[in-house]
Structure formats: structure tokens, C-alpha cells
4 protein chains.
Amino acid sequence: MPQRRLRLGMVGGGQGAFIGAVHRIAARLDDRFEVVAGALSSDPQRAQASAAEAGIARSYADWREMARAEAARDDGIDAVAIVTPNHLHAPVATAFLEAGIHVVCDKPLAISLAEGEALAKLAREKGKLFALTHTYSGYPLVRHARELVERGELGEIRVVQVEYAQDWLAEPVETGGANKQAGWRTDPALAGPAGCLGDIGTHAYQLAAFVTGMTPRALSAELHTFVPGRRIDDHVQAMLRYANGARGMLWASQVASGAENGLRLRVYGTKAGLAFDQEQPNELWFTPLGGLSERLTRGRVKSVLAAHATRVPSGHPEGYLEAFAQLYKDAALQIEALDEGRALPAESLLLTTVDDGVAGLRFIDAVLASSAADGQWREIEGA
Amino acid sequence: MPQRRLRLGMVGGGQGAFIGAVHRIAARLDDRFEVVAGALSSDPQRAQASAAEAGIARSYADWREMARAEAARDDGIDAVAIVTPNHLHAPVATAFLEAGIHVVCDKPLAISLAEGEALAKLAREKGKLFALTHTYSGYPLVRHARELVERGELGEIRVVQVEYAQDWLAEPVETGGANKQAGWRTDPALAGPAGCLGDIGTHAYQLAAFVTGMTPRALSAELHTFVPGRRIDDHVQAMLRYANGARGMLWASQVASGAENGLRLRVYGTKAGLAFDQEQPNELWFTPLGGLSERLTRGRVKSVLAAHATRVPSGHPEGYLEAFAQLYKDAALQIEALDEGRALPAESLLLTTVDDGVAGLRFIDAVLASSAADGQWREIEGA
Amino acid sequence: MPQRRLRLGMVGGGQGAFIGAVHRIAARLDDRFEVVAGALSSDPQRAQASAAEAGIARSYADWREMARAEAARDDGIDAVAIVTPNHLHAPVATAFLEAGIHVVCDKPLAISLAEGEALAKLAREKGKLFALTHTYSGYPLVRHARELVERGELGEIRVVQVEYAQDWLAEPVETGGANKQAGWRTDPALAGPAGCLGDIGTHAYQLAAFVTGMTPRALSAELHTFVPGRRIDDHVQAMLRYANGARGMLWASQVASGAENGLRLRVYGTKAGLAFDQEQPNELWFTPLGGLSERLTRGRVKSVLAAHATRVPSGHPEGYLEAFAQLYKDAALQIEALDEGRALPAESLLLTTVDDGVAGLRFIDAVLASSAADGQWREIEGA
Amino acid sequence: MPQRRLRLGMVGGGQGAFIGAVHRIAARLDDRFEVVAGALSSDPQRAQASAAEAGIARSYADWREMARAEAARDDGIDAVAIVTPNHLHAPVATAFLEAGIHVVCDKPLAISLAEGEALAKLAREKGKLFALTHTYSGYPLVRHARELVERGELGEIRVVQVEYAQDWLAEPVETGGANKQAGWRTDPALAGPAGCLGDIGTHAYQLAAFVTGMTPRALSAELHTFVPGRRIDDHVQAMLRYANGARGMLWASQVASGAENGLRLRVYGTKAGLAFDQEQPNELWFTPLGGLSERLTRGRVKSVLAAHATRVPSGHPEGYLEAFAQLYKDAALQIEALDEGRALPAESLLLTTVDDGVAGLRFIDAVLASSAADGQWREIEGA
């Protein structure tokens with residue numbers, strides 16, 4: 001059956017942004033979306049130029065206006081991708097949900113837990129998709145790792161080690177204005193109260209939760225800012241306790257000299273352990289207790305979940321854009337089901353949701369609180 | 001400046017084919033092409049169903065008809081992607097070139113050197129693009145490797161070691177009809193006289209030539225068929241001699257149990273060596289004589305060529321589809337230039353050409369001849 | 001100049017022990033020691049049989065007697081290797097120091113800080129060598145890593161990540177008596193109050209301290225026992241704070257399913273980062289901020305320290321026994337110097353000392369205290 | 001049962017030599033040998049000084065004299081280690097065999113096939129051990145690889161890929177006299193007619209034969225000398241044919257810039273493939289047809305052969321010296337059995353023999369002949 005291309009709008013992602021172009025490639029890759037409208041910048045002229053350059057038909061100077069206008073059109077957008085700095089996630093998402101438009105939104109969900117919970121409530125009320133782009137859960141082998149845990153191949157989980165190391169903020173690159181990315185991500189007014197914590201700490205947290213199916217019950221954490229003059233944390237370390245007795249550690253740093261995009265997860269259960277490194281996403285390591293490591297590869301692992309999330313045969317590497325595209329592919333399946341009043345397709349259910357976003361905000365809150373209390377253990381609400 | 005999407009047609013690539021879908025994703029990824037017409041199967045009903053499923057507007061039952069009809073339309077296709085079995089490459093490409101339509105064609109170029117040379121001549125006469133999809137030369141780090149050689153960082157090249165190992169034909173999977181890929185690739189009537197040699201040996205040969213900037217002057221080769229009943233080679237080994245005195249070895253096998261898609265190149269010069277493995281395409285190893293290895297990564301290597309061929313920051317892996325997309329991106333740049341009578345843009349010049357295809361056919365001929373002569377050294381014409 | 005073989009005695013290390021045989025190989029490897037006397041077991045018959053099997057000339061039923069007798073002989077031992085369970089380290093070492101015999105002792109130094117401090121004092125008073133076998137600091141590339149830090153190649157240290165993961169105690173293998181190693185290592189009466197913490201946590205701590213030249217000023221830690229019925233910790237996690245503002249994490253586990261002997265260190269400074277994995281001890285990774293990784297190899301790194309600790313050319317791997325032998329080689333150099341009243345040779349100064357052992361005991365104490373106080377940050381005495 | 005240390009003599013291996021010291025460590029490591037006599041240099045003064053430095057009791061100025069004198073002593077040597085340049089292997093071995101002394105000899109066995117065959121005959125007649133130190137077959141995982149092949153885990157062998165790449169002779173380091181190793185190894189009068197071929201090509205050949213249990217029936221080869229002025233080959237490439245239809249390639253180079261000691265073997269059968277890299281000797285890769293790779297580690301693989309050849313637990317790396325020691329350990333077992341008229345112990349039977357050396361000389365002869373005949377396929381005598 002031929003599938004209709006869904007119409008996608010975009011807020012944010014104008015010239016100089018990184019993630020806007022990534023969203024556009026990801027949305028296009030599996031041919032389920034066409035970007036037809038955008039408010040790509042708060043500067044109207046830049047918005048117009050950015051849209052033209054990206055081949056986007058309808059450019060708006062204002063996202064409120066865009067929500068209204070698109071909702072009113074017969075051929076208006078089906079969904080909006082929100083790729084703004086963090087502080088706008090909630091207001092923009094609210095406007096589009098109110099206008100009856102599905103939402104695909106960058107993480108972190110919002111800049112406060114209250115905002116996030118309100119969004120989750122609104123999305124439920126409106127019956128609209130709210131997908132959060134935790135890209136790394138789109139990797140086939142991350143999904144397979146989750147399946148291994150679910151099937152009990154690891155036994156009872158005992159230890160979780162997750163980390164996300166980068167080095168691009170090891171120096172005060174946010175000063176001077178040349179590095180737009182660094183600028184907003186280290187500005188609490190735009191990024192919210194969590195710097196490294198919100199930017200990549202939440203990815204690490206979500207990856208561990210996604211694979212293990214567990215979130216920690218409590219944590220002891222310490223935020224730190226290494227770069228003089230920086231207004232926000234650039235390093236976070238935490239110890240974790242899970243309800244089943246498991247223990248864990250989480251480390252995220254943007255000053256780890258030499259690290260590119262080092263998101264790594266290791267999980268150890270009573271029967272086996274596994275390890276994943278997003279810089280080598282076509283392999284997953286599985287090792288039984290006392291045994292030998294098996295290198296599970298994307299194309300050879302027997303997995304319905306992994307197969308749904310892969311496009312090319314074994315030995316032909318897929319990467320970050322394909323993982324991102326997977327989120328859009330799953331979103332398309334869910335949008336169609338929601339629009340037609342059908343149950344969400346089983347194969348789409350690993351798409352990260354607004355609730356994952358709320359969980360991330362609870363994690364942020366707990367880290368902020370524990371760090372402020374010199375590492376006192378804090379319960380994580382709802383976990 | 002906003003860029004027009006080029007209109008692409010496709011011949012071959014219907015349901016059950018692998019490479020057709022890959023071409024469509026690759027063409028779409030950088031938003032420079034839209035697939036609008038196709039003759040996806042020689043079976044008209046299957047062609048129609050395949051086109052509908054792929055969201056292709058105009059479906060033709062016959063590629064000759066398609067060439068004629070598209071040439072006649074104001075909004076006819078700018079280029080055609082030929083993804084048929086090998087024996088049709090030449091006739092299809094000829095038809096579209098004659099119709100004044102640019103060509104993007106799978107390798108090997110043709111099933112005989114004569115066919116290939118005629119195509120090269122025709123493409124030159126018509127002034128049309130003839131791009132050959134040697135995907136692996138689309139990898140940023142393969143292009144960077146070439147640049148390292150060109151800049152003299154390796155010194156004078158002494159040794160070339162290239163190999164391409166797979167295992168998917170280790171058993172007689174071509175029997176029974178279930179495996180369509182195996183079926184035509186082991187049938188000399190469809191694949192031509194070279195099996196493994198044409199299918200992956202040419203990739204290995206082209207990769208070595210692309211990076212070193214040299215093709216061997218002579219070779220001594222042996223083809224072999226391991227699987228009983230197979231009508232074509234599934235294994236090739238060759239020794240190489242280059243004009244500058246360099247020596248080399250080439251190995252390609254489709255019966256190498258355990259191998260997925262193991263295309264690997266190592267080049268050693270008087271000053272340094274390098275190594276690339278397409279299953280880990282985000283890294284390239286460079287080691288000076290007597291020195292320590294440096295792991296060059298896609299996002300961190302200083303390289304205009306690599307930068308032109310990459311989309312996401314360091315540490316965010318790209319893969320096979322992005323390499324393939326790069327060929328289409330370069331093709332778009334060249335098509336625009338050709339259509340506008342401009343010189344081909346410098347950044348597009350690494351696109352593999354019909355002449356690379358002819359070189360591949362000369363290699364095939366030399367291997368067939370040497371193998372038939374019990375490994376006698378054979379000169380490679382034109383090299 | 002021909003070098004005299006030193007005479008070595010051994011306490012502990014009888015049949016069924018692992019580390020006794022390792023010490024004997026290590027002592028012999030560089031031909032600086034000959035094992036001539038031993039009290040290999042507290043069971044006199046087993047002691048005798050073990051000595052005979054190991055080709056040790058003089059066997060004692062009791063180590064007190066051995067200290068006395070050897071001190072009285074003209075050809076008595078120069079040094080004793082103590083390879084007993086932890087609780088005997090201090091009494092045995094005391095007896096031999098009192099007898100004027102140099103000591104090489106397994107880690108942890110003792111089962112209490114008081115014991116350890118007394119030993120350190122005694123060793124100083126007696127002017128005898130007290131070498132502690134923190135094997136991993138015998139690796140050439142660990143020594144080179146230390147040199148890189150000392151030379152300022154990493155800049156100011158910001159982040160330390162160290163871990164030691166094993167899986168051999170993931171099940172209650174200490175029950176039943178078959179596994180002698182597991183038996184004493186999980187028995188607080190023999191191992192002391194620290195299980196995994198003392199057994200491998202101290203190795204991790206020492207490795208980080210050895211390479212960075214810094215010990216943490218404070219830590220927040222949690223001990224845990226996963227295996228039901230076990231009388232001692234089998235898992236430790238800790239966060240670290242250093243005097244210069246650096247942060248760190250330490251993880252040690254003996255229940256990490258699939259892990260063999262995973263001691264790994266990563267250090268990040270303002271200028272570069274490095275990584276070492278003792279399971280791949282012939283390589284060390286060095287990556288500048290924003291730059292590319294260099295794979296430093298044992299045989300090719302320019303390093304006086306590494307050269308002193310290596311025996312075979314580049315590409316010929318050395319391993320654990322060679323690292324261990326290095327400690328004995330350094331010990332021989334120091335024993336000769338001490339006996340002759342010379343200054344300790346510069347190239348021997350990386351040998352781990354009784355003070356390193358005391359530092360390890362302080363670390364153990366701080367972890368025990370912090371863990372007992374629900375992770376409250378504890379200062380580390382003397383650091 | 002306590003084991004007597006065997007008395008070992010050494011010919012060659014004086015100051016400035018590399019391999020003599022390696023032999024002495026290897027012989028000592030497992031405590032089965034003590035070096036008590038030597039003719040370490042043809043220069044009597046250097047011989048004396050070298051022996052003194054190495055702590056060797058009896059120094060001879062001449063190896064003929066040494067053979068006579070040691071044979072005459074009650075406490076004369078049990079075995080001699082021959083570590084001279086190649087041209088002396090045969091005369092020295094002959095002298096000691098004639099004197100009734102067991103022989104451990106460096107490879108290649110001799111500088112001509114005739115010499116080698118005579119030695120093999122003599123060793124058989126004398127009933128003495130003649131062990132050839134093909135070190136790499138002492139690695140536990142090389143022995144395990146052989147066992148996997150023998151047990152049929154790979155199925156019928158189809159493809160063998162073996163290579164040995166170094167870079168230490170990439171420049172004319174043999175000139176000037178400073179590099180003693182390079183000097184004799186590139187001098188046909190001392191090294192014999194085969195340079196790289198004899199020095200490392202034979203190692204590659206032997207490793208492939210040892211693991212697969214097959215030697216090629218025929219080969220087509222090309223020797224090459226890259227470095228101007230060099231009197232001997234520094235590069236060899238060959239194609240192989242086996243009696244069972246298998247095919248293979250062998251490459252050895254001493255000019256491969258950046259390579260340290262890259263001896264690698266891959267074997268592919270109808271059921272699975274395996275890969276070994278001597279620079280990572282604690283792991284062996286096994287991959288079934290169409291399946292996932294398993295990383296077999298030295299300490300965890302279930303293998304009687306590997307266990308016999310290992311000293312420390314899993315995760316504690318062993319290296320080159322331990323592999324070398326294994327040959328001496330096996331030699332000790334065989335010497336004792338021969339001296340006592342017992343059958344050779346089963347666990348010692350993987351020790352490389354004089355017949356392996358003869359096979360290596362046949363390989364050398366075939367390569368020399370094929371290369372001289374422009375790569376014509378040559379049968380390998382006796383294979």
C-alpha cells in the first residue's frame with residue numbers, strides 16, 4: 001500500500017543551527033514526511049532566508065501565527081518539529097497541541113518539571129502525538145539490547161554504568177558569540193537550570209532507562225562547572241540506586257578532552273552483561289557470566305525490533321541519521337494511527353514519549369537537589 | 001540560494017530488490033532529487049505495484065518507453081538511476097543517454113569491455129553525466145585517504161593490500177529461486193562472466209585505485225568456484241604490479257564464513273601507511289614509518305574533501321547510506337553544471353565516472369585472462 | 001657487570017594458591033632473584049610438599065622460625081615475598097623486618113590503617129625495602145602515562161575515571177570450600193573488613209594515584225553486597241574530589257557478569273585525555289582536546305621509563321607477568337642500593353612502596369566510613 | 001613431584017643480540033632450565049663478557065670446543081639453544097647432535113633444504129630433541145585455533161589468509177654497521193638466500209600450517225626488494241593452492257610503514273571462520289557462517305591445549321615471552337621423556353620440530369623458484 005507523505009512544520013532550525021538540518025534529513029530519509037512550513041528563526045528575515053534555502057514552501061515570522069495558520073489550512077501540517085532552544089519547547093509545543101497538531105520535540109522536554117507535566121497532560125487531553133527525540137533509542141542495537149533485557153537474557157539487573165563524554169565545551173567557547181550552539185546551551189535563560197546535565201546527562205539517563213526498563217529510585221549527585229566564567233554546569237557525576245537493589249553510576253561531561261560523542265552504556269545482570277557505545281552503533285557486546293563476548297551486529301542479530309529499525313544488510317553500517325530517522329518513521333506510524341483512531345502499531349511503541357521527557361525532568365530535579373545538598377541521596381519522584 | 005530538486009527516474013529496483021530502495025534513500029537524503037518516474041520491473045504489474053509502494057508518480061512497463069516518454073515531457077526526468085542486473089546496464093544507459101538524460105548506474109558498468117567503452121564514448125558525445133555508484137568512494141574518510149596520498153603524506157607508495165570478504169554465497173543459495181539477489185548474481189547471462197569478481201572484486205579494485213591514484217600495470221590472478229554447481233566464480237585472488245614498482249594483493253570472496261561486508265584497504269608508502277575498513281567508516285588509521293598510529297575520525301580530520309562529504313558533527317557516526325547519498329549529491333552538482341554549461345564544481349570531482357567503470361572492466365578482463373592462463377602475469381590495458 | 005642473584009624467601013603461596021606461583025615467575029623472569037626458602041603453608045606437610053614441587057631448597061613449617069633461621073644464616077635470604085591472606089601481611093612483615101630482611105608484600109598492605117602505619121614506621125626505622133606489589137604500576141605504558149601527566153601533556157587534570165570490573169564472585173562460590181581463593185577473600189577474618197574494596201578497589205585507587213600523581217581529598221562512597229549470604233562487600237562505587245578541583249569516579253565490582261579483569265583508567269586534563277585498559281596493556285590512548293587519538297604502543301613510545309620496564313621489541317606483546325617482574329627488577333635495584341648504602345637508583349623509583357599501601361588503607365577507611373554514613377563526603381586523611 | 005632444572009647451553013646471543021636474551025628469559029620463565037654454559041660470540045672476549053653479564057658459569061670461545069667439553073662433563077648441558085645467524089644453524093646443530101646433546105634452534109632451520117634434511121635425518125638417528133622456535137605456535141590461542149580446526153568446528157577449510165608485516169627494514173638501516181640485526185639479516189652470506197622470506201615469511205607459513213593442519217600443494221610467488229642497494233628480498237607475496245581445493249594468500253613485508261610485528265592469520269571453512277593477530281594474543285575470533293563473532297579469550301576458552309600453555313587467570317594478559325617459554329616447557333617434557341626412554345608426553349606434542357623446519361625450507365625453495373620463473377605455479381615438495 002502506498003503511503004502518504006505527512007506534512008511537517010518546523011520551529012527553530014534556521015541558518016547556523018545544527019539540529020534543524022538533522023531533523024529535516026531524518027524526517028525525509030524514510031520518505032514519510034515532507035517539510036512544508038516553518039518558523040525557522042525569531043528574526044523574520046533570517047526565517048525567510050532559512051526556509052528558502054531549505055526548500056520549505058511556507059515561512060512564518062512567528063510560531064504562534066504558524067500554529068494558527070497551519071491549523072486553518074486544508075493542507076496544513078500534520079506535525080511540527082520543535083528544534084528551538086529549551087526554553088521555547090513548552091510554549092511552542094503548547095501552541096501546536098492546542099491547534100490540534102502533532103508534536104515532535106527536542107530534548108530536554110522543558111526547562112522545569114511543572115512545564116513538562118503540563119505538556120504531558122495537554123498531549124494526553126488532545127490525543128496528539130508528542131514524540132521526544134531521544135535519538136539514541138532509535139539505534140537498532142539499542143532496541144535489541146532492551147529486548148535482551150526484557151527476555152531475561154541478562155537475568156536480574158545488578159549494575160548499570162552509563163556515561164556521556166564530550167569535549168566541545170572544555171574551553172569558554174560560549175564567549176564572543178561565534179559559537180551559537182555553545183551560546184544558548186550555556187545560558188540558563190535559554191537552556192534552563194541544567195547545562196551538561198540537561199543537554200547530555202538526560203540522554204545518558206534515558207538510554208539506561210530505555211534499555212533496562214528501570215529508572216533509579218534514588219541518586220546522589222554532584223554538578224560541577226570547570227570552565228571559569230561559565231554560568232551553568234559542564235560536568236555531572238551521580239550514583240544510582242534502583243528499587244530492585246541494583247546500583248549504578250552516571251557520568252556526563254562536556255570537558256572530557258579528546259571525547260567526541262562518547263555515550264556508552266553497560267548493564268550487568270545475574271546471568272550476563274552487555275555494552276553499547278554509540279560511536280560504534282553497529283555492534284553490541286553480550287557476555288555471559290564467566291563466558292565469552294559475542295559481538296552482536298546490526299544486520300545479523302535475530303530481532304524483530306532491530307529489523308524494524310534497519311534499512312541495509314549486515315556489514316553496511318548505519319549511523320546517527322538513521323537512528324534519528326527511525327524516530328520519525330515510528331512517529332509517522334503513530335500519527336496515522338491516531339488520526340485514524342487505531343491503536344498504535346506495536347512496532348512503533350519504542351518511540352520516546354512525553355512521559356520519557358517528564359522522567360528526564362524528574363532526574364534533572366533530583367540531581368539539582370542532591371548536588372545542592374552536598375550529594376545527599378534524593379528519591380526520584382514517581383520512579 | 002534555494003536549490004531545485006532534480007527529477008530522477010529509476011530502472012530496476014522493484015519489490016524484492018535491495019539496491020533500488022538504497023538508491024531512493026540515497027537520492028533523497030540530501031534533498032537534491034525526487035524520484036518521479038520508474039520502470040521498476042520487467043513485469044508490468046510488479047512495476048506498477050512497486051512504483052505505487054515507493055510513491056513514484058509515473059510507472060512504465062518498459063524502460064525504452066520510459067526513456068522516450070520522459071525525454072518528451074517538459075517535466076521529464078533529469079537523470080535515471082539504473083539498478084538492474086548487470087546485463088541491462090549498457091542497453092538501458094544507452095537508451096537514456098540517447099534520449100539526452102543523465103545516468104547514474106550501478107557497477108559493474110557493463111558485462112564486457114566493448115560495451116563499457118561504447119558507453120563511455122556515448123556519454124562523452126552526449127555531454128551527459130554518467131556516474132557509476134562505487135559507493136565506498138563516497139565515504140568522507142576514503143576521500144581523505146586519497147587526499148593524504150595526493151599530498152604526499154605516505155611518500156612513494158610501495159604496497160597495496162585490498163580485500164573484500166563476504167559470506168552470503170558460501171552455500172548454494174541461488175538454487176530454488178527464493179534468493180533473488182543470489183539468483184541473478186550467479187547467473188552469467190545476467191551478471192556477465194565475472195561473479196564475485198564483478199560484484200565485489202571491482203569495488204576492491206576501484207577503492208584501491210581511488211585512494212592511491214594508481215591502477216596496477218599487470219596482475220597475476222586466480223578465480224575459483226567453491227560452491228558445487230555454481231556457474232560463476234565466488235572467489236578471486238590476485239597479485240598486482242604497479243608502474244612505479246609498487247606491489248599489491250587483491251582478495252575478494254563471497255564464501256568467507258563469518259564475513260559480513262569486509263572491504264578493507266591498506267596502503268604503505270615510504271613515509272607512512274594507512275588502513276580503512278568500510279565496516280568502521282568513521283575512522284581511518286594513519287601510521288608513520290616507525291611511529292604510532294593516529295585514529296583519524298570523520299568529524300575531526302582537517303579535510304575540505306571530508307567536510308564536503310559529511311553532515312553531522314564528530315562522534316555522530318555516518319554510514320553506508322550517507323556515502324551513497326554523497327554520490328547523488330555530487331551528481332546533482334555536476335548535472336546542474338552540465339545543464340548550465342558550467343565547469344564541474346571542484347568539490348564534486350571525486351564522483352566515480354564511466355571511465356572508472358571502464359577501468360573496472362579492464363581489470364575484470366585481465367583477471368579472466370590471467371586466471372585462464374594459470375596465473376600468467378597480464379598487462380592491464382590502458383593502465 | 002655481572003649481577004648477583006638475590007636470595008628470596010616466600011611466606012604463603014603453597015599448592016592451590018594462585019599468586020605464589022606468579023610471584024615466583026615474576027621474581028625469576030629478569031634473573032635477579034632465586035627462591036631458596038619458604039614457609040608456603042601453615043600446614044607443615046603441605047608446606048614441605050609445596051616447596052619441593054616448586055624446587056625451593058629450604059622449607060619451614062612456621063614463618064617466625066623462618067625469619068629467625070634465615071637471618072642467622074650467612075646465605076640467608078635477602079628478601080621475603082609475603083603472599084598470604086591479608087590478615088597475615090602485617091605480622092609476617094613485622095617479623096622479617098625485625099630480622100633485618102627486606103620485604104615484598106601483596107596488597108592490601110594490612111587489614112587496618114593502624115597496622116599499616118606501624119609497618120611503614122618500622123620499615124623506615126629498619127632502613128629496609130618494603131615493596132607493595134601493585135602489579136599494574138609495573139606496566140611500561142602505565143609508567144609512560146604517569147610521565148605524560150608529569151610533563152604536563154594533559155594540562156591541569158580535571159576528571160579521573162577509574163574502574164575495576166570482574167565477575168568471578170557473581171555467585172556464592174565461596175561456599176563449599178572448593179574455591180580457596182574465594183574462601184579467604186570473602187572471609188572478613190582473613191581478608192579484613194574490605195572485600196571487593198580491598199581486593200581490587202585498592203588497585204583501582206592506586207592506579208589512578210600513580211598515573212595522576214594526586215590522591216582525592218574527599219570521597220562519597222557506597223559499598224554493596226549483591227550475593228546473598230556473602231559476609232563482605234562485592235561492589236563499591238564512589239565519587240571523588242581532588243584538591244585542585246578535579247572530580248572523579250571509582251567503580252569496582254566482582255559481580256560484573258562477563259568482565260574478566262577489567263581495570264581501566266581514563267584521565268582528562270585541560271589539554272588532553274588518556275585511557276588505559278590493563279587487558280590491552282601494550283597500548284595507551286592519548287587524545288588532545290578537540291583532536292585525534294594516538295595509539296601509543298609499548299615498543300614505540302619514546303620514554304625512558306617505559307624502556308626500563310620492557311624486554312622485547314615493539315609489536316611483541318608483554319603482559320601481566322612482565323609487569324609483575326618489573327616490580328621485582330626494581331626491588332632488586334633498591335635492595336642492592338640499600339645494602340650498599342647508595343641512593344636508590346632513579347630508574348627504580350616507581351616501585352610501589354609501603355606508603356602507597358598506607359594511602360590505600362586510608363582510602364579503604366574513608367570508603368567504609370562514607371558508606372556507613374549513607375554516602376556522606378569524607379575527607380581522606382593525609383591526602 | 002619436584003622437577004629437575006635442565007642444564008642449557010647457548011651458542012650465539014651475545015651483547016647486542018636480541019634473541020639470545022629472549023631465549024634466556026623464555027628458558028627460565030617456567031623454571032625448567034638453567035643456562036650454565038655458552039659460546040655467545042665468535043669474538044672470545046665478547047663471548048666472555050657476554051657470559052659474565054648474563055650470569056653464565058662456563059664460557060667457551062668456540063662452539064665446537066663447547067660441544068666436546070660439555071659432552072664430556074658429568075654435569076654437562078642437557079640441551080643447547082642455537083641463536084646464531086642462520087648460516088651457522090646447521091653446523092652448530094650438527095656438532096651438538098653428534099655430541100649427543102638435545103637442540104633448540106632458531107628458525108629458519110638452515111640456509112638450504114639439503115642442510116635441513118640432513119639435520120632432520122641426524123636428529124632422528126641420534127634420538128635427540130630438535131625443537132625449532134616458531135614462537136607463535138606457543139600462544140595458547142594459536143593452539144586452541146588448531147584444536148578448533150581439528151575438531152571440525154570450521155568445517156572443510158576453503159580459504160587461508162596469512163600475513164606478516166613489519167616496517168623496521170623500510171630504510172637501508174643495514175648500512176653503517178650500527179644495526180647488527182639488520183646487518184646479518186640482509187646479508188645472504190649469513191642469512192641465506194631468503195631475506196624477509198626466511199625471516200618472517202616462514203613464520204607466516206608455519207602459523208598457517210600449524211593451525212590448519214595443511215600445507216599448500218603449490219604456490220605462485222613474487223619476491224621483491226624495495227630498498228635500493230639491499231642484497232636480499234624485503235617483501236614477498238604468494239598465492240597458495242591446497243590439496244583439498246582450498247586457496248590462500250601469504251604476504252610478508254619488512255617495509256610496511258607503520259607495522260610493528262603484524263603476524264595475522266585468518267582461516268575460513270565451510271562452517272565458520274577464525275582470525276588471530278599476534279599483537280593481541282589473548283583473543284581469538286570465531287565466527288560461524290552467517291553468524292556473530294565470538295571473542296575467545298585465553299583464560300576462558302575451554303581447551304586442554306590452551307590451559308597447558310597458560311599461567312595466569314583470565315583477564316591477565318600473557319605475551320610473547322610466555323609463548324616462547326611454552327616452547328621451552330614443552331622441550332623440557334620431551335627431553336625428559338627421551339632421556340628416560342618414555343613416549344613423548346601428549347601435552348608436549350605441539351612443539352615445533354625439525355620437520356616443521358624442513359617444511360619451511362621447502363616453502364622457501366618453492367617461493368624462490370616460482371619468483372624466479374615470473375610467478376609460475378610450483379609444487380611444494382612433500383606437501
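This is a chat about two interfaces in a predicted model: one between chain C and chain A, the other between the two domains of chain A.

Reader: Start with chain C against chain A. How many residues are in contact?
Author: On the chain C side there are 45 residues, and they are in contact with 45 residues of chain A.

Reader: And how much area do chain C and chain A bury between them?
Author: About 3600 Å², with 54% of it on carbon and sulfur atoms.

Reader: How many salt bridges across that interface?
Author: The rule finds eight salt bridges between chain C and chain A. One of them pairs A:R247 with C:E222, where the closest N and O atoms are 3.0 Å apart.

Reader: What about polar contacts there?
Author: The count is 22 residue pairs between chain C and chain A, both residues being at pLDDT 80 or more.

Reader: Which elements of chain C give two or more residues to the side that touches chain A?
Author: These are strands β7 (157-165), β8 (218-224), β9 (235-241), β10 (247-253), β11 (262-269), β12 (272-277) and β13 (283-288) of chain C. The largest share comes from β9(C), with six residues.

Reader: How do the residues on that side of chain C divide by class?
Author: The side of chain C that touches chain A has 19 nonpolar, 15 polar and 11 charged residues.

Reader: Switching to chain A by itself. Where are the domain bounds?
Author: Domain 1 of chain A covers 6-128, and domain 2 is made of 140-310 + 358-379. Their C-alpha centres lie 27 Å apart.

Reader: How many residues does each domain give to the contact?
Author: Domain 1 of chain A gives 18 residues and domain 2 of chain A gives 17.

Reader: Buried area for the domain pair, how much?
Author: Domain 1 and domain 2 of chain A bury about 1400 Å² between them, and 61% of that is on carbon and sulfur atoms.

Reader: How many salt bridges between the domains?
Author: Two, by the rule, across the interface of domain 1 and domain 2 of chain A. As for salt bridges in chain A, the side chains of A:R362 and A:E117 meet in one, at 3.0 Å from N to O.

Reader: And residue pairs in polar contact across the domain interface?
Author: Six pairs are found between domain 1 and domain 2 of chain A, both residues at pLDDT 80 or more.

Reader: Which element gives the largest share on the domain 1 side?
Author: Helix α5 (residues 113-126) of chain A, which supplies four residues to the side of domain 1 that touches domain 2. By class, that side of domain 1 has nine nonpolar, six polar and three charged residues.

Note on methods: Residues are numbered from 1 along each chain as its sequence is written. Chains are lettered from A and ligands numbered from 1 in the order in which they are written. This is a predicted model: local features need pLDDT of at least 70, side-chain atom pairs count only at pLDDT 80 or more; totals for chains, interfaces and linings use all residues. Side-chain values use heavy atoms; hydrogens and water are left out. Contact means heavy atoms within 4.5 Å. Buried area is the accessible area (1.4 Å probe) that two parts lose on being put together, summed over both. A salt bridge is a side-chain nitrogen of Lys or Arg within 4 Å of a carboxyl oxygen of Asp or Glu. A polar contact is a pair of N or O atoms within 3.5 Å; within protein, one must be able to donate a hydrogen and the other to accept it, and residues adjacent in sequence count only if both atoms are side-chain atoms. Ala, Val, Leu, Ile, Met, Phe, Trp, Tyr, Cys and Pro count as nonpolar, Asp, Glu, Lys and Arg as charged, and the others, Gly among them, as polar. Domain bounds come from an automatic or database domain assignment.
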